[in-house]
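Subject: Structure handover

Dear colleague,

Here is the structure we spoke about, for you to open alongside this message. My notes on what was found in it follow below.

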Amino acid sequence: MSKHCIRLTVSAILSALISACATSPEQSLYDEIGGHKTLNTIYGVAITRIYTDPVIGHYFKGVPKKHLRDQLVLQTCELIGGPCEYDGKSMEESHKDLNIKEREFYILVEYVQGAMRDVGLTYQQENRILKKLAPIKYETVYL
Ligand code: HEM
């Protein structure tokens, strides 16, 4: 092999190695949507609408907005691969005796979905988050 060829081979190997190292590990959905800032905006927008909704607003009388917003952000952060650990009450504990109906659950979820759209998440990102929230239905309704 000529010197020129060896130099080319070495530089090809080096550049392959460099690009392999530069490839970051798979990004979490949390990072992809913009992390805490985006979730905090989503729940800020959703909560304003939820608290004034004629059907479900009454459930939230006396529930401090900031507390609920912070807990929702933390919980969703954990669900979508962020660096958080939800430390609030269990879903069963915080929703028991409220007797939330299934249709009321969907009203709330639609506000979250609408807020996600308003802050510019893609349809696919929206659905990936909703998929994580969906099973929570069984820990919140008819308790
Ligand atoms: C995907 C659906 C839902 C999620 C992820 C969710 C999540 C949460 C979280 C994280 C808390 C805070 C718990 C704590 O204080 O530590 C909470 C509290 C609460 N949620 Fe939900 N929730 C959902 C559905 C609903 C629905 C459908 C309603 C009513 C229509 C509702 C009404 C409430 C109320 C009233 C509280 C405050 C309870 C209290 O502090 O006494 N939630 N929820």
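Helix α4 is followed by Gly-81, whose phi is positive, near 90 degrees; helices here (H or I, at least four residues) and strands (E, at least two) are DSSP runs, numbered from the N terminus. Please bear in mind that this is a predicted model, in which local features need pLDDT of at least 70 and side-chain atom pairs count only at pLDDT 80 or more, while totals for chains, interfaces and linings use all residues. Residues are numbered from 1 along each chain as its sequence is written.

The overall picture

The protein has 7 helices and 0 strands, and along the sequence the pattern reads α-α-α-α-α-α-α. Of its 143 residues, 15% count as buried, where buried means that 20 or more other C-beta atoms lie within 10 Å of the residue's own, exposed means 12 or fewer, and partly exposed is in between, with C-beta atoms placed from the backbone. Among contacts between residues at least 6 apart in sequence, 74% join residues at least 24 apart; two residues are in contact if their C-beta atoms, placed from the backbone, lie within 7 Å.

Helix α4 and the core

For α4, the 15 residues at 1.5 Å a residue should span 21 Å, and the end C-alpha atoms are indeed 21 Å apart, which agrees; the expected span is 1.5 Å times one less than the number of residues. Its buried residues are Leu-72, Val-73, Gln-75, Thr-76 and Cys-77, and what covers them includes α2, α3 and α7 (123-133).

The largest nonpolar core has 20 residues, and those with the most contacts inside it are Ile-42, Tyr-43, Ala-46, Tyr-111, Val-112, Ala-115 and Met-116. The elements that give two or more residues to this core are α2 (29-33), α3 (35-51), α4 and α6. Such a core is a set of buried Ala, Val, Leu, Ile, Met, Phe, Trp, Tyr and Cys residues joined through C-beta atoms within 7 Å.

The ligand shell

Around the ligand there are 21 residues, of which Gln-71, Gly-88, Lys-89, Ser-94 and Leu-108 come nearest; a residue counts as near if its C-beta atom, placed from the backbone, lies within 6 Å. Two or more residues of this shell come from each of α4 (65-79), α5 (91-95) and α6 (102-118). The shell divides into 13 nonpolar, 6 polar and 2 charged residues, taking Ala, Val, Leu, Ile, Met, Phe, Trp, Tyr, Cys and Pro as nonpolar, Asp, Glu, Lys and Arg as charged, and the others, Gly among them, as polar.

His-95 and the loop after α5

His-95, found in helix α5, is covered by the annotation "binding site" in an unreviewed UniProt entry; UniProt positions are given in the numbering used here, feature names are shortened, and annotations may be inferred rather than shown by experiment. Leaving aside neighbours within four places in sequence, His-95 is in contact with Ile-100, Glu-139, Thr-140 and Leu-143.

Ile-100 lies in the loop between α5 and α6 and counts as partly exposed because it has 19 C-beta neighbours inside 10 Å. Asp-97 is in the loop between α5 and α6, with a positive phi near 70 degrees, and Asn-99, placed in the loop between α5 and α6, has a positive phi of about 50 degrees. Most residues other than glycine have a negative phi.

Best wishes
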